[in-house]
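Got your viewer open? Load the model and follow along, one selection at a time.

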Protein chains: 2
Amino acid sequence: MEFPSKILEDAVLQFAKLPGIGKKTALRMVLHLLKQEKTQVDQLSHSLEKLKTDLHYCTECHNISDANLCNICADARRHHEVICVVEDLRDVMAIENTSQYRGVYHVLGGLISPVDGIGPSDIKIEALCDRVQQSQAREIIFALAATMEGDTTAFYISKRLQGIPMKFTSIARGIAIGGELEYADEITLGRSILGRIPYNV
Amino acid sequence: MEFPSKILEDAVLQFAKLPGIGKKTALRMVLHLLKQEKTQVDQLSHSLEKLKTDLHYCTECHNISDANLCNICADARRHHEVICVVEDLRDVMAIENTSQYRGVYHVLGGLISPVDGIGPSDIKIEALCDRVQQSQAREIIFALAATMEGDTTAFYISKRLQGIPMKFTSIARGIAIGGELEYADEITLGRSILGRIPYNV
């Protein structure tokens, strides 16, 4: 792709670095921005700068926050002795959306993945151990992806916290509510039979 | 979607204004940027600012350019008496990619579309008329979309330039090179028969 302008090319290449964005989509975005008022482009540029300067991470759970302590950790009505361990912010948002969880979170910011060169020290596992030791946490819920990385991370954390009296749980895996058995993949269906739960009338 | 941080939400909403980007994709982009070095985010933000301040439009063809006259219009070896009328920059890039065209361009910056409230005065038609009257242009090639908007725009321009001795042409529409007849849509196939060309051995 040859661009008629260096400035345009720069902008397109910058956008093309974003995940899932190729050069063609990046060009479409840049041409869209060119048609907008200067104020809108300034707003976008300003938001970007603020992202890196003004955004905080909660000192307790490492979730993104505007203050030093996020809303969830600062809320005294939440059960601070139950910690749900998740990979990132999106998982917190998804669980919060259900309105079913009243505990607090711990955002790892990634999963252990030797292939990608991410070791235990690259994510917030040490901070979780410190936090558990200093608090009265009595349950850790793993809400991690059902992948090798997720399983490795959960296993590593449970080993690290061995000896501390603590209940470890994992979110239930099984057939979705309303899901048809015949369309479920065999691994999920197999696990849902192995991990069957008591039937309560 | 409820965000744990106002700054994060602002950034996501700004990204979600881009074409084809929903809130989920915007969030993915923002989280990606958060993991990057500050310099990369600064580069993106800087490119955006430059877009609106330093980018020029060629005074001749209205294509995006770093100087007052774009490379194509400034090139004396190009045939300045043949003007190819296109909708936007991407069309110029696509035609330039073929290396088959040695004339110059005129970038309208849109097509007449009453539904979207875009009239002839919103795109660079007046500038094209002025340009044609002041130059020795002898051919106008319409390389516009084969839609109602494209046809309307070509028709309007040809009417506006009525009386000026000038050849109007349109890019050929037909079956793509290597395209199978049985898979071609009927409108294209029909037009390719109506607009058949002499067979040269």
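Start by colouring chain A in two parts: domain 1 (6–53) and domain 2 (57–170), with bounds that come from an automatic or database domain assignment. Their C-alpha centres sit 33 Å apart.

Some ground rules: this is a predicted model, where local features need pLDDT of at least 70, side-chain atom pairs count only at pLDDT 80 or more, and totals for chains, interfaces and linings use all residues. Residues are numbered from 1 along each chain as its sequence is written, chains are lettered from A and ligands numbered from 1 in the order written, and side-chain values use heavy atoms, leaving out hydrogens and water.

Next, show both chains. A turn of 180° and a shift of 0.0 Å along the axis lay chain A on chain B with an RMSD of 0.1 Å (least squares on C-alpha atoms of residues with pLDDT of at least 70 in both). That is the relation of a two-fold axis. Now click Ser45(A): of the residues of chain A, its C-alpha comes closest to that axis, at 2.3 Å.

Now pick helix α3 of chain A (residues 38–53) and helix α2 of chain B (residues 23–35); their axes come within 10 Å and cross at roughly 50°. (Helices are DSSP runs of H or I, at least four residues, numbered from the N terminus; axes are lines fitted to C-alpha atoms over the stretch in contact, with angles from 0 to 180 degrees between N-to-C directions.)

Finally, show side chains: Leu48(A), Leu51(A) and Lys52(A) meet Val30(B), Leu33(B), Leu34(B) and Lys35(B), contact meaning heavy atoms within 4.5 Å.

Methods: Helix = DSSP H or I, 4+ residues; strand = E, 2+ residues; numbered from the N terminus.
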